[in-house]
Structure formats: C-alpha cells, structure tokens
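Hi,

Here is the structure I promised to pass on. Have a look at it first, and then read my notes underneath.

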Amino acid sequence: MKHLLSTERLSAAELTRILNMADEMAEVLERPIPKVPTLRGKTVGLAFFESSTRTRLSFERAAKALSADTMSFSAQGSSMAKGESLRDTALTLQALGADLVVVRHQAVGAPHRISEWVDVPVINAGDGTNQHPTQALLDLLTIRQRFGKLDGLQVAIVGDIDHSRVARSNVFAMSALGAEVTVVGPPTLLPRSLDGWPVRVASGIDEVVESTDVMYLLRIQAERGGAQVVPSLPEYVSRFGLTEERYERMKADSVVLHPGPMNRGVEIAHGVAEAERSLVLAQVRNGVAVRMAVMLTLLGGEAS
Amino acid sequence: MHEPTSEPTAEHTAEHTAEHTAEPTTKPTAPTVQEQAPQKAGEHDPKPRTTALVEPLSDTDPLLLDGDDIGRILRRIAHQILEQHPDASSLVLMGIPTRGVPLARRLAAAIREFAGTEVPVGSIDVGLYRDDLDHRPTTRLGPTTVPVDLEGRVVVLVDDVLFTGRTIRAALDALADLGRPRMVQLAALVDRGHRELPIRADYVGKNLPTARHERITVQLAEIDGLEGVRLERRA
C-alpha cells in the first residue's frame, strides 16, 4: 500500500492487517508512557484545506505518539488565500521535508491528485463527499472490539448518505469484512444511484431499529446542501432520528456509533448520545490508534 | 478481540529468524525461511517449516540441541536464576516474541516446581523500538503484556537467540517506557556471538560459535510443533 485514499479497493486481508496493528497501537496508548520511538526523525505534514478539529487533532496525536514531528498547514491564513495552487502547496510541503502528507480537502479527488504530484505517501483525511478512509477504519476497529468480528453483523447507516464521505468509506470497508449494510434516509439524501454499492435500502429508521446490531448515525450536512432537501427537522426526527424510545427497542447487545460532530436532538437524542451502548467516545479514542497503524503501514512498507 | 494469530505465519518466522542472521534485509518483502535458505534439490519440504507439524528435522542441517537438551538447559537456567534471586517473589519474566514467550513460560514453570513460587510472565514486543524501520518492512507486531507493576521488580528478559544485541537494545528501550524495574537481566537459550552492541546475557543456555552467514533456527513445540536448535548453512 503506497497511499490510503479510499476504502473501495482494500481487501479484507489489508483491512484486517491494519486493524490488528491498531489493536497493538491501542495497547501503546494505554501504557504509562503512551509513546514509542518508531517514527523518530520522520515528519508528517498535515494539510487541512478544509477545516476540521477532531480529525486533525487525532492525526497530530497519532504522529506524536509514534515520535514523528508534525508540520501543519491550514488553508486559512496561508498562501492558498493568495491564490497559490493545490499543486504548489503540496510540492512546498514535500520540499519542507514531509515524509508523509495527510490531506483534507473540500473537493472530491484532491488527495488523489496530490498523490500523483508528490513522492511521499498520502493519507486522505476526507475529500468532499467522497471518502474518509481512516474514519471507516476506526469505526471497524470500534465495532470489532465490541463484537469480535464484522462478519455477519447487521449495520444500518442512517441519515445524509448522499453527502457523506463517512458513509461511502464505511459501506465498502464494512462489506469487505462481511457485514450486511443497510442505508437509511429520505430519498433526497440518498445518492441518485446506488449501483455498485453493496447495500440494502430502507426508507425509515423503524424498519431497522429492532434488527440492527450497529446503528450508525450521520448528521445532515447543511454546509454541503443537505439541509435544503429536508422539509422540516421535526419530520426528519420522526422518521430518521434515534430517539430514546427507539433506542430502548434496539437489541440488547446492539451499539450506536456517530462520527461527530453530533446534532443532538436531531439524528441522535440527547440521552442516547451518552447512553451505555453509545460508542461515540470509543470511536474518538480508536481514531488515534488506527491513524498510528496507517502511518506505520505507509512509512514502514509492507510485510505482505 | 480479533482473530487470534495463533497460527504462526511464514512471515513471522522469516522476520524472527532474519533477526539472527547477518544484516537486516533491505528487500521490500519479507522472504520466507525457505526462500532465504539455500535449497538442495529434493532435500527440503517446500512448505514453510512452521506449518509442518510432523516433519522430521532435516538431516541436512546439523541438529545442535534436541528437545531433551532444551529441557535440561531451561531447568539449569531456572536454578541459576533462583541462585541469584532466592526470593523469587520479586521476579518477572518478560519473553520477547515470538519464541521468547514460550521459553519464559517454561522457565516460570520450572521455578514453580523448584521453589513453589508463581513468577509472573509477560511479553515485550520490540517492533516499535527497532532502529531499522527504513531497512525492513514493518512486521506483524507481537503482543506486549505487562503482568504486574514493574517498579522494584527484577525483570528477566528471555529470548531464544542472542546475536547482534540489537533486539535486546530495543527491548531495554521498550522496558524503560513500561516501568522502572530494580534490575534487568537477560536469559538466552543460545548465544551465537557477533555482538554489535555492548550487551551480554546473564544466563546463557548454550554458546554456539557461528559464522556470520550461518543461521540458527530454534523450534519450540508451542509454536512450531517440534523441538530443536539447528544450524542452517547459507551459500
């Protein structure tokens, strides 16, 4: 694996190898000194053309736990504002000594383009509505920690599927590991075509609430136009929100995931966000372990 | 949590055995033992040895220690450890994966038999502390488990073959991040020489002078299904 740009072509074996390594990274993060010297002398460039808090902090923490240095770039206040091209920005980061570049961009395909220009590995930290592979990997890790496997699990992804790179990355990664995925959302928030998506479709959360093992909730992405196609929030909640009443009807060992940021009271009820079977904070913790595993995989070469 | 990687893979073996041979490999892929070892036509089973549970030891490579020898050696080391540490309750045995871990367990069993003391056994993987990430692919990491607080304890690191000393250097670094033992010692089943660092073992099972290009292969029942220490000659 040279870059991590998408989950679409990752095999079950590749996914499993990263997850196994992430298990060991999670152990490192629990040590009295949660830091190892493995990437000492390496520099990770963080190029966040689109704003982000948790993903960026998570990558930074992951790099530092492996003793890599980090170099941050954000679009605001940079030369991008002065009209510098994506290509020049990427080449500058490389010239400054980045051994690996983490890219988030509002445009679909930007990390892929950058990977063609630079000689170092590129990790896609989210490109527009396309892909967010490390999010999917951390979700897989979180689910596997709870159930021991993905194979045969029922997963419902509920909400703004069309605008969600998280949904796209997860659908492919989860089904590669044998989970059965159902996407749930108003027709206006589903992709126009689901050709090639290994999923079933349900038109309301009540269709899956009692059968699913994993309830994966997404927010409506107002900034990408999601809000305009939903008639009203109360109506959305009535058909797609995980209310406390619905949470009570879920299977006893089922779990709730959300990639954040959460809109409490919309897709997830306030109480459900912090309920016993909500794994939201475990997801955040696992994000660091998974990103450590991906950096090690890309900078250490491949054993397979 | 995840599917246990109990079944040792060829990669595991290759990684670990490569440890005991000359230079770290610079190839992008981890060659298997069979690929690295010189093959004399028809004399070797083409399968990686770790999967062949009933394969007899090849007579092309000299058998240096058999299972009985290994048993005797470990009992002797257990006695030596108890001689130096009559109060065995301060001991912790930390095996270096892969084969150091079953060796540590066997030493603990022997100490239990001789002194009646249950010595905690852990494992300490050194993959994240190696100094040659650029030279070799990242390997499957072994587990690191710390069974008790190491503060004030005597930690005995246990490995199968002591060679350049780089693995032990990495283990010492890893240990420093895991706790602060009162004393750290090293037990090795085989010391084959060729040290590149100022490191020595406190307990040595057998000194086996070797040429640098030769390879020592240790097989243990828990991992390989059979027992023995062999010298493999390479071209």
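Let's start with the overall size of chain A: a compact globule of 304 residues would have a radius of gyration near 19 Å, and chain A has 19 Å, so the two agree. Keep in mind as you read that this is a predicted model. Measured out along its principal axes, the C-alpha trace of chain A spans about 55 × 45 × 35 Å. Of the 304 residues in chain A, 49% are buried. If you take the contacts in chain A between residues at least 6 apart in sequence, 77% of them join residues at least 24 apart.

Next, the secondary structure. Chain A has ten helices and nine strands. Five strands of chain A form an open sheet with parallel pairing, in the order β7-β6-β5-β8-β9. At its edges are β7 (199–202) and β9 (255–257) of chain A, each of which pairs on one side only. From one strand to the next, the twist averages 25 degrees. As a reminder, strands of a sheet pair through backbone hydrogen bonds, either parallel or antiparallel. For a closer look, try strand β8 (residues 214–217) of chain A, which pairs with β9(A) in the parallel sense over three bridges. Which residue stands opposite A:Tyr216 in β9(A)? The partner is A:Leu257.

Now over to chain B, where you should check the confidence before anything else. The mean pLDDT of chain B is 79, with 70% of its residues at 70 or more. Two stretches need care: pLDDT stays under 50 over residues 1–19 of chain B, and also under 50 over residues 21–57 of chain B. The model still has contacts beyond four places in sequence for both, 41 for residues 1–19 and 57 for residues 21–57. For the complex, the predictor gives an ipTM of 0.75 and a pTM of 0.83.

There is a nice helix pair in chain B. Helix α3 (residues 67–84) and helix α4 (residues 100–115) of chain B pack at an angle of about 65 degrees, and their axes are 9 Å apart. The crossing of α3(B) past α4(B) is right-handed. On the α3(B) side, the residues that meet α4(B) include B:Leu74, B:Ile77, B:Ala78 and B:Ile81. Among those on the α4(B) side are B:Leu103, B:Leu107, B:Ile111 and B:Phe114.

Finally, some backbone oddities. Most residues other than glycine have a negative phi, and most peptide bonds are trans. Here are four places to compare with that:

- The peptide bond from A:Gly260 to A:Pro261 is cis, with omega near -5 degrees; A:Pro261 lies in the loop between β9 and α9 (270–273) of chain A.
- The bond from B:Pro97 to B:Thr98 is a cis peptide bond too, with omega near 5 degrees; B:Thr98 sits in the loop between β2 (91–95) and α4 of chain B.
- A:Ser67 is not a glycine, yet its phi is positive, about 70 degrees. You'll find A:Ser67 in the loop between α2 (54–65) and β2 (69–74) of chain A.
- B:His194 is not a glycine either, and has a positive phi of about 65 degrees. Look for B:His194 in the loop between β5 (183–191) and β6 (203–207) of chain B.

Why does A:Ser67 count as partly exposed? Because A:Ser67 has 15 C-beta neighbours inside 10 Å, and partly exposed falls between 12 or fewer for exposed and 20 or more for buried. B:His194 has 16 such neighbours, so B:His194 counts as partly exposed as well.

Cheers

How values were computed: Residues are numbered from 1 along each chain as its sequence is written. Chains are lettered from A and ligands numbered from 1 in the order in which they are written. This is a predicted model: local features need pLDDT of at least 70, side-chain atom pairs count only at pLDDT 80 or more; totals for chains, interfaces and linings use all residues. Helices (H or I, at least four residues) and strands (E, at least two) are DSSP runs, numbered from the N terminus. The radius of gyration is taken over C-alpha atoms; the globule rule is 2.2 Å times the number of residues to the power 0.38. Two residues are in contact if their C-beta atoms, placed from the backbone, lie within 7 Å. Two strands pair if DSSP finds at least two bridges between them. Axes are lines fitted to C-alpha atoms, for helices over the stretch in contact, and angles run from 0 to 180 degrees between N-to-C directions. pLDDT is the predictor's confidence in each residue, from 0 to 100. A crossing is left-handed if the near helix is turned anticlockwise from the far one by less than a right angle, and right-handed if clockwise.
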